[in-house]
Amino acid sequence: MKKIFFLFLLFITAISFSQTKSGLKLWYKQPSGKTWENALPIGNGRLGAMIYGNVEQETIQLNENTVWSGSPNRNDNPLALDSLAIIRQLIFDGKQKDAERISNRVIITKKSHGQKFEPVGSLQLAFDGHDNFSNYHRELDIKRAVTKTSYTVGDVTYTREALASFPDRVVVMRLTASKPGSISFTAFFTTPQKRATIKTVPIATANKELTIAGTTSDHETVKGMVKYKGIVRMKLEGGTLYSTDTSLSVKNANAVTIYISIATNFNNYHDITGDENKRAAEYLNKAYPKSFATILPAHVAAYQKYFNRVKLDLGNTEAANLPTDERLKNFNSDNDPQLVTMYYQYGRYLLISSSQPGGQAANLQGIWNDKINPPWDSKYTININAEMNYWPAEKTNLAELHEPFIQMVKDLSVTGQQTAKDMYGARGWAAHHNTDIWRATGAIDGATWGVWSAAGGWTSQHLWEHYMYSGDKTFLASVYPILKGAATFYVDFLVEHPKYHWLVINPDMSPENAPAAHQGSSLDAGTTMTNQIIFELFSSTIKVAEILKKDPAFIDTLKQMRKRLPPMHIGQYGQLQEWLDDIDDPKDNHRHISHLYGLFPSNQISPYRTPELNSAAKTTLTHRGDVSTGWSMGWKVNWWARMLDGNHAYKLIQNQLSPVNTTGTRFDGGGGTYNNLFDAHPPFQIDGNFGCTSGITEMLMQSADGDIHLLPALPDAWPSGSIKGIRARGGFEIVDMEWKDGKLVKAIIKSTLGGNLRLRVTNTMKLNTGSALKKATGKNTNIFYEVEETPAPIISEKATIIPIPLKETMLYDLPTQAGKTYTLVAQ
């Protein structure tokens, strides 16, 4: 009986232990070792830290969002203007390679190709005698934004908790042990920075603090002038603190709380006159008097203000009880819907942690980088990647976190005026495919990548989108000059195509794709993506001016020029053409599928309104294939969702949630996901995380096509579930939505602005009062759901258009009042 009882206790313990592992925690049975992509990220929008969870030597790798190489600078190439006419003529004559050679000399910058986001360094904690450990566990709780590491040495259990406090602007780690007097370690800094000084400094309590200070790197002729200061201060409970010139040592403490503050002299992109020493000290002095027990709940409350707005439940299985790295490895063979839930919420966690109002926009790696020379400088690639970072912001109820990106666009609208004038002789403002903290707007890298000038149009759409969700006319009035400036640039820069007589951008490109028909050059005139961006920018600018009752003559100019933009083309293979000429290669599997911008994030291609273009988009996606870089697969989830194919969208999620090893390789050569669920291009790029979170939302709700479509692309893998708190255009919030066996059973929708609620659903619904819903007729009267008519495509005589069958849906109209909530149930 004793043996049976003992086994029963073990069983109960195992069950409860496994339940603590499920939920919204990334957890592992082993430390990170030396692999950065195994470490767990924490951040508060200003500070980012990667917690390795190593036992003998813990590493806390540190970033601050304004620690960038260089200093205020410009990188325009004024030679462009004099050569513009000859470049245009060469492209119109089909001599793209000749135009490329000239462009490399006169358009691509001869100055900086962009500055680098740099690490501050790493705080190392060395624990002598901890090499023989057991019962190891580490986790990141994304419901609370706290990491935890625990292990046993001898008969003592050690625990470390870490967070990046939102209200206190410091990183804090709490170290405890199960027996008094057991905590001893030495703390010191390591850094790849070449001009850093590390030392201990006396403080008033007769103890010392550990500091790191320096100036960032010179890079590509630009002098590094960002000064940073990091301070580490410890609070001991029992024990003694010793110091050397460059380290702090704790002996026989009961518990230790480590406070880390970092600040710089950066004020904004043209002002670096701040006092990094004063700032770092002020943050630390405000936080240090507080205990970890005080800091923790305030941090969690500030974080959950954002995080708790959305809840997703796709079901749970036994697979959720395994460590995260094992779940990732098994995902394509196991039924583990909760991993998708966690990956979805992890995207929201990363955005909350890397993008806070008043801070910098999330860059190519969010706010986390350990390399002094990171891939692509970890800056802002604005021909897709930076925009993708913010796709979840509005729809997953994180609108305030859009602010840093919107502020960056405001900055670019200032710096880009000189670029437009000096390089292209145009009014308004322009930007190319990259920028950095200094808001450089010149063309970089090489003509193959850098000649693209549509960034102003694309980034400006985020301002319009923010309004479309909020209805905030004060905000709209404040950003109208930015939209107008972006549109004005294209008014001046568009030229007539000598063959087709449409208005086109020249030089232009479809980002980074260089077809064989153009002698392997990416340069062209009037590419499909650019045409779509300008069509959308002109349309949104017209609407804003009409709402604000401004600039009737300018509105008329935009309307007249919009009529002369090239329509989309369907080519000989039934594909959406990437260029005006029908030169697409069905075997091209390039990671950029830029001409599907019109499908997502734009709404110019629709299964309901433009069935021929929808078919062409599907043909293009099928040609390109599924497996690609991590961020590209994230975009594909959104595209397949917009085409209402939930099973194919889910297949892309499976491809994205495929493990990539630390050398950045996968069995089929594509991207995927690292053990810490960071997206792998490879290497790490955070955009894929955000892109997939957006895509999962699009599978469950869409509001860009004239109505709110509930469960538009529900895959067979999620037959039942619920989601709460996501937002739709026009100020609607899906307070709660539940489905069972693939059918919508309940939807609770709050209207914050009032107006007509047009709903598209796959099964019959009614109000919970029993009243029937009115079938929709005519155009949606809600101004937030007006959709600009897409010009009819030009279709090749060789093309075979394969109609895509659509599921039958119900379309209802429900008048709403601002502030009221409406409950619908299945009939």
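These are legends for several close-up views of a predicted model.

Some ground rules before the views. Residue numbers start from 1 along each chain as its sequence is written, and side-chain values use heavy atoms, with hydrogens and water left out. Because the model is predicted, local features need pLDDT of at least 70 and side-chain atom pairs count only at pLDDT 80 or more, while totals for chains, interfaces and linings use all residues.

**View 1. Phenylalanine 133 meets tyrosine 151 edge-to-face.**
The structure holds 32 aromatic pairs. Rings of Phe, Tyr and Trp (its six-membered ring) pair if their centres lie within 6.5 Å; planes under 30 degrees apart are called stacked, those over 60 edge-to-face, and the rest tilted. In this pair the centres of phenylalanine 133 and tyrosine 151 are 6.2 Å apart, with 70° between the planes. The pair links distant parts of the chain, 18 residues apart: phenylalanine 133 is in the loop between strand 5 (121-126) and strand 6 (134-141), and tyrosine 151 is in strand 7 (residues 146-153). Helices (H or I, at least four residues) and strands (E, at least two) are DSSP runs, numbered from the N terminus. Phenylalanine 133 counts as partly exposed because its relative accessibility is 27%, while tyrosine 151 is buried at 1%. For these words, buried means under 20% relative accessible area, exposed means over 50%, and partly exposed is in between (1.4 Å probe, protein chains only).

**View 2. Tyrosine 390 and phenylalanine 405 make a tilted pair.**
Here the rings of tyrosine 390 and phenylalanine 405 are 5.1 Å centre to centre, with 35° between the planes. Tyrosine 390 belongs to the loop between helix 8 (385-389) and helix 9 (391-395), and phenylalanine 405 to helix 10 (residues 403-424), so this pair too is described as linking distant parts of the chain, 15 residues apart. Both tyrosine 390 and phenylalanine 405 are buried. For another look at rings, find the cluster in which ring pairs link Trp391, Trp458, Tyr597, Phe600, Trp635 and Trp639.

**View 3. Two charged side chains lie over phenylalanine rings.**
The charged end of lysine 484 sits over the ring of phenylalanine 554, 5.4 Å from its centre. Arginine 562 lies over the face of phenylalanine 535, at 5.8 Å from the ring centre. To count, NZ of Lys or CZ of Arg must be within 6 Å of the ring centre and within 35 degrees of the ring normal.

**View 4. Serine 354 is tucked into helix 7 (residues 337-354) and is buried.**
Serine 354 counts as buried because its relative accessible area is 1%. Leaving aside neighbours within four places in sequence, serine 354 is in contact (heavy atoms within 4.5 Å) with residues including Gly45, Gln360, Trp368 and Phe690. A polar atom of its side chain lies 2.7 Å from the backbone oxygen of leucine 350.

**View 5. The largest cavity has a volume of about 480 Å³.**
On a 1 Å grid over the protein atoms alone, a cavity is a set of points where a 1.4 Å probe fits but cannot get out, and a pocket is an open set with protein on both sides within 12 Å along at least five of seven lines; lining residues have an atom within 4 Å of a point. Grid points are joined across faces, edges and corners, and a volume is the space filled by probe spheres set on the points. This cavity is lined by 33 residues, and the closest to its centre are Trp464, Glu536, Pro601, Ser602 and Arg729. Helix 12 gives the most to the lining, with seven residues.

**View 6. The largest pocket has a volume of about 620 Å³.**
Its lining has 30 residues, with Arg609, Lys779, Val787, Glu788 and Glu789 nearest the centre. Helix 14 gives the most to this lining, with four residues.

**View 7. Two prolines follow cis peptide bonds.**
One cis bond joins asparagine 506 and proline 507, with omega about 5°. The other joins phenylalanine 600 and proline 601, with omega about 15°. Proline 507 lies in the loop between strand 21 (503-504) and strand 22 (508-509), and proline 601 in the loop between strand 24 (569-570) and helix 16.

Conventions: Polar contact = N/O pair within 3.5 Å; in protein donor to acceptor, adjacent residues only side chain to side chain.
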